[in-house]
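Hi everyone, thanks for making time this morning. I'd like to walk you through one structure, so let me put it on the screen.

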Amino acid sequence: MASDSAAATVDGSALAGRALAAAGARHMFGVVGIPVTSLASRAAAAGVRFLAFRNEQSAGYAAAAYGFLTGTPGLLLTVSGPGCVHGLAGLSHATANAWPLLMVSGSCAQADAGRGDFQELDQIEATKPFAKLAVKATTIADIPRLVFQALAATVSGRPGGCYLDIPSDVLHQTLPESEAAALLAAAAADSTASASSPPKHKTLDGGIEKAADLLRRAERPLVVIGKGAAYARSEEALRKLVDTTGVPFLPTPMGKGVVPDAHPLSATAARSLAIGQCDVALVVGARLNWLLHFGEPPKWSKDVKFILVDVCEDEIELRKPHVGIVGDAKRVVELINKEIKDNPFCLSRSHPWVESITKKAKDNVLKMEAQLAKDVVPLNFLTPLRIIRDAILAEGSPAPVVVSEGANTMDVGRAVLVQNEPRTRLDAGTWGTMGVGLGYCIAAAVAEPERLVVAVEGDSGYGFSAMEVETLVRYQLPVVVIVFNNNGVYGGDRRSPDEITGPYKDDPAPTSFVPAAGYHKMMEAFGGKGYLVETPDELKSALSESFRARKPAVINVIIDPYAGSESGRMQHKN
């Protein structure tokens, strides 16, 4: 009898794993240890694949990117105290980018809080500044309800990070199986009822009609496509809008591919002209923040009228656009398309505005292509980026997911690498976060298993998460990491003579790394494939072989340390 009774109980770890699975979670990223090792195993047994990382920061960046790529919350699991603190990197990054993420951490036993327990930290207070919601399970019975509540909060309104704290004593508490099943069923039923309720935000009265009318009467209209539009799966609606109206479009970095970069109305190569002279800008899923120069002169015309589409009413209130529409990007653009269909208009290719954009873009592309056509050795940034671009395009569809990180590597790469499919570019994002690379790669490989993942990394950015190459090998993920090795941050020693003085003048420069470091050998040490590249032909061969193999690989590309510029394109801020 005692044995039967014990077999019919469920502990907190098992209940948490089952609740996550019941709520629809399919992948979890993290680092195990006291007190969450069993939770990871129990979640995996319930159907949630656990990807074990070497560092919580990388796991957090993976969970954040997973939320963007799938539209469902990424899950991050950490241990207590310092593990939770390391996880804050991913939690805050997700919230800054408006990506759904749920961070779950174990914590010290409640009875020992305040007594200096092992890895003790007030984790609710630590996570509050970075989370939409931070909640704590004080008994095992709380777990199912809080799991469903926190997961729902990550995707409601503006997506972002949420936090769930489960103390070690709660993880060890038990319930009868029948009670556990009832709690799970009740939590699922409550979540379903909440999901069927009407959304709290509403489309602002008359916004759709005003938006369509403004675009129709504009002399120089522009559509700006942000990563929020990519997250909302609005690619078909936006492609239809551009094709129907003939209005040029400008994507933000992770909005690239929502409408293909190869589309003739792309204003990417004429960005300064497009934002500087447009008189009406429909901004879909992007904030008028630093990435868009705050929507202010001198980059923008002082007379531009903004139509701002955002899921967050607070964002509309903050920016005070000419027209603000609160709602899902896909739905709003569909409604604008419907409004336009009833009174159609289309800018011809000979329209002065379209002509000026396309001519400027063509001229700039030709200038860039002339530079790209040269095989420069020692390698600069452009020669290898051209070769990488061509290799990626040769893969066809489904296109590889490109992870781009670094100062010069990311900034120059944004102009050279081409995205023709949505959600195929991941970079430092709204927060300009370095260290995201390998975490992003792992997330992309599990979220988009039919796609090759190609990371184009500066050696500085790569260094933040390089140990995760072991994770790539352990799970045999189809990821090719290309490291632009220029001996340091921005390219080694950039000091002026008056900076090389004082008692430590013989130390390496703050920007310098070991010259020509053997990053490829690190991958080889774990059983992956490493390549050392110094010429165009060597790079072409390495890309061909590694793309074909679809196995973990690192291509170490030796770059002229003086080929780049300080801080990439943001020297003025350094």
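**A pocket, a sheet and an annotated domain**

Let's begin with the second largest pocket, which holds about 170 Å³ of space. Please keep in mind that this is a predicted model.

Who lines that pocket? From the early part of the chain we have Ala23, Gly24, Ala25, Arg26 and His27, then Tyr66, Thr72, Pro73 and Leu75, and finally Leu151, Ala152 and Val155. Sorted by class, the lining comes to eight nonpolar residues, three polar ones and one charged one. Which element gives the most to this lining? That would be helix H7, residues 143–155, with three residues.

Now, on to the sheet. Six strands make up an open sheet, and reading across you get E3-E2-E4-E5-E7-E6, with parallel pairing. At the edges sit strand E3 (49–52) and strand E6 (133–136), each with a pairing on one side only. From one strand to the next, the twist averages 20 degrees.

Have a look at the E6 end. E6 pairs with strand E7, residues 161–167, in the parallel sense over four bridges. One of the residues to find there is Val135, whose bridge partner in E7 is Leu164.

A helix packs on this sheet too: H5, residues 82–97, touches strand E4 (74–78), strand E5 (101–107) and E7. The direction of H5 makes about 165 degrees with that of E5.

Last, the annotation. An unreviewed UniProt entry assigns residues 208–334 to "domain: Thiamine pyrophosphate enzyme central". In the model, that span is 36% helix and 18% strand, and its end C-alpha atoms lie 10 Å apart.

Conventions. Residues are numbered from 1 along each chain as its sequence is written. This is a predicted model: local features need pLDDT of at least 70, side-chain atom pairs count only at pLDDT 80 or more; totals for chains, interfaces and linings use all residues. Side-chain values use heavy atoms; hydrogens and water are left out. UniProt positions are given in the numbering used here, feature names are shortened, and annotations may be inferred rather than shown by experiment. Helices (H or I, at least four residues) and strands (E, at least two) are DSSP runs, numbered from the N terminus. On a 1 Å grid over the protein atoms alone, a cavity is a set of points where a 1.4 Å probe fits but cannot get out, and a pocket is an open set with protein on both sides within 12 Å along at least five of seven lines; lining residues have an atom within 4 Å of a point. Grid points are joined across faces, edges and corners, and a volume is the space filled by probe spheres set on the points. Ala, Val, Leu, Ile, Met, Phe, Trp, Tyr, Cys and Pro count as nonpolar, Asp, Glu, Lys and Arg as charged, and the others, Gly among them, as polar. Two strands pair if DSSP finds at least two bridges between them. Axes are lines fitted to C-alpha atoms, for helices over the stretch in contact, and angles run from 0 to 180 degrees between N-to-C directions. Contact means heavy atoms within 4.5 Å.
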